[in-house]
Amino acid sequence: MSEALLTGRGVETFYGKIQALRGIDFDVRKGEIATLIGSNGAGKSTLMMTIFGTPRARSGTITFEGKDITKLPSHQIARLGIAQSPEGRRIFPRMTVLENLQMGATVNDMAFFEEDVAKIYKLFPILEKRHTQRAGTLSGGEQQMLAIGRALMARPKLLLLDEPSLGLAPIIVRSIFSAIKELNEKEGLTVFLVEQNAFHALKLAHRAYVMVNGKITMTGTGKELLARPEVRAAYLEGGH
Amino acid sequence: MEYFLQQLINGLTLGSIYGLIAIGYTMVYGIIGMINFAHGDVFMIGSVVSFILVLSLGLTGGSGPFLIILSLALVVVIAMLIASVYNWTIERVAYKPLRGSFRLAPLISAIGMSIVLQEFVRIAQEGRPKPIQAIVTGKYELLERVNDQGQFIVTISNMQILIIVCTVALMAAFTTIINRTSLGRAQRACEQDQKMASLLGIDVDRTISITFIMGACLAAFAGLMFFMYYNVTDFFVGFLAGIKAFTAAVLGGIGSIPGAMLGGMVIGLVEVFWSAYFSVEYKDVAAFTILAMVLIFMPQGLLGKPEVEKV
Ligand SMILES: Nc1ncnc2c1ncn2[C@@H]1O[C@H](COP(=O)(O)OP(=O)(O)O)[C@@H](O)[C@H]1O
Ligand SMILES: [Mg+2]
């Protein structure tokens, strides 16, 4: 748990004239769960997408395994071993569940498909039951599982998860978080997790960042941030 | 009844050609949300290139069947190649730079490309229609009826058989590619969410280019069949055939590939029956009337996608 897998330095992203990221520094080390929390509109999803070059950072650098990926096309970034379960899930609604998982295996040309799909079905058994169903007809929780499963099919070195708990029932949230924890502990998967559901995320995280208005305002271990009164006040009020 | 049957055969033949062209419109629309108005002219390029090749190979109706089949296979491959180069270039030059700009821009650019292609061929090949002797000849008599009005024979020509059989085979192959291969999956993914497709490692630009190439291949094949069916072609054939195939795509539900095939058949049949029972002069009006009616009353078409989706 030492070398940095993903680093960002001075990352700035704009939507037209509006600046969404104002010089972000971050590190995600190999084997850890890093989390980014912050209220709605802080710029968390923008950072997740900027890592994939869409939108592209206007200044600053992002490196993955020491390689500068700031200007790389999105599909090549995916092929380096980063996968994302994005905000809003973005499953392909008119494809079946199985086809969505096949899409996830694009980067390794389906080489390990049978083996990997069995793993995903073990992790989320409901997906196996629904495998011939059109993904657009799944419930929200099932779609979230599919989005995570699809990302895992790439055998990523780094998994980006953007608000996997959004809009889901607590019991499903718990099962998704325990799946993340298991993947990290058993498979050594590195995870960069974005959450508004700060309590769960901070409990899980080895390293945590708080983002306000396009800037990182606090950094520490998950436990440290969980103990800070200002974090509790801002992100855990009425918490779980 | 015999007359009806004959028109049915003629209609299905024409419908096959329209259907093949319509797929190119509908696929491009599906993936980048614009009508490639130059697609009819890519069909024309396929047709004119085939014509030139057939002439330079010295192919005639008298050549042996083996020679004819071999030569036509060669012609179709080269015509597909050349039409693909054109359509690929059109996308790179005229559409890609305009992606993300206002909606009308690529449309204007498309019409511009259509004019460029037509004028280029008109100047390079001279404007006169190019007639040729029939190459695939011969026909079968299916039914014969003699009554007091005289004799009527229902026939199907070898050329019609060739067109219908090849079209069915091409469409089957094509459907398999779209539904069963990773290329087809990538195309459908780009159709539904381009950004997500790129996050999964799909090269979206490349997938779009391949889509244009596939459309061009089908159009080139249709071009060859068209000119061998009518034994004539010129720089302007892409205009009417293009608009009718576009109508077929809209009728079938723009973006739907089975819809384009079905729409093509319907337009072909309507045109032939209209000419047979009403008026030959107004046969083109039939197709355009359908286009107007569909756009007004049924814009989603016969097999169009339902817009409702759970998110
Ligand atoms: N596509 C977009 N175009 C313009 N502004 C955007 C776009 N996406 C997000 N923004 C703006 O950027 C800021 C950060 O948004 P976002 O990254 O989605 O925040 P978060 O994920 O933390 O809720 C917000 O002010 C939002 O309105
Ligand atoms: Mg967000």
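**How domain 1 meets domain 2 in chain A**

Modeller: In this predicted model, the C-alpha centres of domain 1 of chain A and domain 2 of chain A lie 23 Å apart.

Colleague: What makes these two domains of chain A, and which residues belong to each?

Modeller: The domain assignment gives domain 1 as 1-81 + 156-240 and domain 2 as 89-155, and the bounds rest on that assignment, which is automatic or taken from a database.

Colleague: How do you know that the domains touch, and how many residues are in contact?

Modeller: Contact requires heavy atoms within 4.5 Å, and 18 residues of domain 1 of chain A are in contact with 17 residues of domain 2 of chain A. Between them the two domains bury about 1200 Å², 72% of it on carbon and sulfur atoms. On the domain 1 side, A:Arg79, A:Pro156 and A:Ile176 lose the most area to domain 2, together 36% of what that side buries.

Colleague: Why is the meeting of A:Glu187 and A:Lys119 called a salt bridge?

Modeller: The rule asks for a side-chain nitrogen of Lys or Arg within 4 Å of a carboxyl oxygen of Asp or Glu; the N to O distance between A:Lys119 and A:Glu187 is 3.9 Å, so the pair qualifies. Across this interface the rule finds one salt bridge.

Colleague: Why does that pair not also count as a polar contact?

Modeller: A polar contact needs N or O atoms within 3.5 Å, and the 3.9 Å from N to O in this salt bridge lies outside that cut-off. The count of residue pairs in polar contact between the domains, both at pLDDT 80 or more, is zero.

How values were computed:
Residues numbered from 1 in each chain as written. Chains lettered and ligands numbered in written order. Predicted model: local features only at pLDDT ≥ 70, side-chain atom pairs only at ≥ 80, totals over all residues. Heavy atoms only, no water. Buried area = accessible area lost by both parts, 1.4 Å probe. Polar contact = N/O pair within 3.5 Å; in protein donor to acceptor, adjacent residues only side chain to side chain.
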